[in-house]
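Student: I'd like to learn how to read a helix in its surroundings. Could we work through one together?

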Amino acid sequence: MMQSIIHTYLRPEKKFPHVWCPGCGNGIILSAIVRAIHGAERNRNEVVLVSGIGCSSRAPIYTDFASLHGTHGRALAFATGIKIANPKLTVVVISGDGDGLAIGGNHFIHTCRRNIDLTLIIFNNNIYGMTGGQYSPTMTLGAHGSTAPYGNIERPFDICKLAASAGANFVARATVCQPFLLENYVKKGVQKKGFSVIDAVTPCPTIYSFFNKTGTGLKMMKTIKEKSITIQKAQSLPDEETGNKIVTGIFANRDYHEYMAVYKKLMEKAKRSKEDEGPL
Ligand code: SF4
């Protein structure tokens, strides 16, 4: 049987069947990530996929990259350690909206501020899927979860605006209904020096739909598609008309100084001043 590019990056003998539900968008995002890394021509032996906990965070174990399945909310902390230990590695981080924005929220804003050369893809389905259906920081007002039985009363984070204002070099959003755009953004993120954040909007037809009666994965994808508008279109509309839309596009693409480049210079300077001091 002829293998596609994606299959050559998977671990079919060891880790399949996967745990994702029928209609879940996680496989579409993983596929886009694999194609993007392949397209960016990275040596697979120098790529590390790091994740936290949750449905999305199962993704790295299905791929034939070095992978680290970490603890809840701490994927960016593990990834930062890996990058500092070996700056030559391409480190890609996979997280969910609960894992990455709630438990890992502090790591998120400080990794943006630090602007270290990592690429984070957030599988954003607005709920904690695997760990109990609690509302996440991206759940829209009025939506339901196990911890919001009467409807969520907290306004959601806009992942892209948060990342852009906190200092990440590349920030973009695409949905699973735009798999090639998503691939393109992940590739740009991998190629960009500095921290990149890609918000990948995806349906959870099992847990989210259980609490919100949003239907099958296909129906949810149709809803995502209908609600999506480009950032250019959003900029031409008043705020009240974009509130319930999914705005896709590039939110930041710049070249603030990258953490490891400055850290390396600092270490060289520290070494020189130590040598100037002479032997003890
Ligand atoms: Fe996907 Fe939701 Fe099932 Fe998790 S619970 S695998 S996010 S559909």
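**Reading helix 5 and its neighbours**

Tutor: Gladly! Keep in mind that this is a predicted model. A good starting point is the outward side: the exposed residues Asn-106 and Arg-113 sit on the face of helix 5 that is turned away from its buried side.

Student: Which residues of helix 5 are buried?

Tutor: First, the general idea: an α-helix has 3.6 residues a turn, so residues three or four places apart point the same way. In this case, Gly-105, Phe-108, Thr-111 and Cys-112 of helix 5 are buried. They lie on the same side of helix 5 because they cover an arc of only 130 degrees around the axis.

Student: What covers the buried residues of helix 5?

Tutor: The cover includes three helices and two strands by name: helix 3, helix 4 (97-103) and helix 6 (159-166), along with strand 4 (119-124) and strand 6 (196-201).

Student: How do the axes of helix 3 and helix 5 cross?

Tutor: Helix 3 (residues 75-85) and helix 5 (residues 105-114) have axes that come within 9 Å and cross at roughly 35 degrees. Helix 3 contributes Leu-76, Ala-77 and Thr-80 to the contact, while helix 5 brings His-107, Phe-108, Thr-111 and Arg-114. By character, the residues of this contact are 3 nonpolar, 3 polar and 1 charged.

Student: What follows helix 5?

Tutor: Asn-115 does, and its phi is positive, near 55 degrees.

Student: And which residues are around the ligand?

Tutor: Among them are Trp-20, Cys-21, Cys-24, Cys-55, Asn-125 and Cys-204. The shell around the ligand divides into 7 nonpolar and 2 polar residues, with no charged ones.

Conventions. Residues are numbered from 1 along each chain as its sequence is written. This is a predicted model: local features need pLDDT of at least 70, side-chain atom pairs count only at pLDDT 80 or more; totals for chains, interfaces and linings use all residues. Side-chain values use heavy atoms; hydrogens and water are left out. Axes are lines fitted to C-alpha atoms, for helices over the stretch in contact, and angles run from 0 to 180 degrees between N-to-C directions. Helices (H or I, at least four residues) and strands (E, at least two) are DSSP runs, numbered from the N terminus. Contact means heavy atoms within 4.5 Å. Ala, Val, Leu, Ile, Met, Phe, Trp, Tyr, Cys and Pro count as nonpolar, Asp, Glu, Lys and Arg as charged, and the others, Gly among them, as polar. Buried means under 20% relative accessible area, exposed over 50%, partly exposed in between (1.4 Å probe, protein chains only). The arc is that of the directions from the helix axis to the C-beta atoms. A residue is near a molecule or strand if one of its heavy atoms lies within 4 Å of it.
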